[in-house]
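Grab a pencil and work through these exercises with the structure on your screen. Try each task before you read its solution.

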Amino acid sequence: MATFLGDDDLVPCTVVVNDAAQYSIWPQDRPVPAGWRAAGFTGPRSACLAHIETVWAGPTAAPAA
């Protein structure tokens, strides 16, 4: 099932984070949605997802102090 970002690396993305320290990716050509801010990493979809894996312990982990 395709997402709005697509299933490949053709869509340049930015990593975004919210106040609950949850990470996601967002297309670079769209404004970051309310409640989210750019986390300082951009690149192909797969690189952004790999970056998130290194910086975010996941939704069940407590945010880093």
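**Exercise 1.** In this predicted model, work out in which sense strand β1 and β2 pair, and over how many bridges.

*Solution.* Start with β1, which covers residues 12-18. Follow it alongside β2: the two run antiparallel, and 5 bridges link them. For one example, take C13, whose bridge partner in β2 is P27.

**Exercise 2.** Put the strands of the sheet in order and find its edges.

*Solution.* Step one: there are 3 strands, and the order is β2-β1-β3 in an open, antiparallel sheet. Step two: β2 (23-27) and β3 (36-44) each pair on one side only, so they are the edge strands. Step three: check the twist, which averages 35° from one strand to the next. Finally, add helix α1 (residues 45-55), which packs on the sheet and touches β1, β2 and β3. The helix direction makes about 125° with that of β3.

**Exercise 3.** List the residues that make up the largest nonpolar core.

*Solution.* You should end up with 5 residues: C13, V15, I25, C48 and I52. Now sort them by element: β1 and α1 are the ones that give two or more residues. As a check on C48, look past its neighbours within four places in sequence; its contacts include C13, V15 and I25.

**Exercise 4.** Are C13 and C48 buried or exposed, and why is there no bond between their sulfurs?

*Solution.* First, burial: C13 has a relative accessible area of 0%, so it's buried. C48 is buried too, at 0%. Next, the distance: the two sulfurs are 5.2 Å apart, too far for a bond. A disulfide needs the sulfurs within 2.5 Å. Searching the whole structure turns up 0 disulfides.

How values were computed
Residues are numbered from 1 along each chain as its sequence is written. This is a predicted model: local features need pLDDT of at least 70, side-chain atom pairs count only at pLDDT 80 or more; totals for chains, interfaces and linings use all residues. Side-chain values use heavy atoms; hydrogens and water are left out. Helices (H or I, at least four residues) and strands (E, at least two) are DSSP runs, numbered from the N terminus. Axes are lines fitted to C-alpha atoms, for helices over the stretch in contact, and angles run from 0 to 180 degrees between N-to-C directions. Contact means heavy atoms within 4.5 Å. A nonpolar core is a set of buried Ala, Val, Leu, Ile, Met, Phe, Trp, Tyr and Cys residues joined through side-chain atoms within 4.5 Å. Buried means under 20% relative accessible area, exposed over 50%, partly exposed in between (1.4 Å probe, protein chains only).
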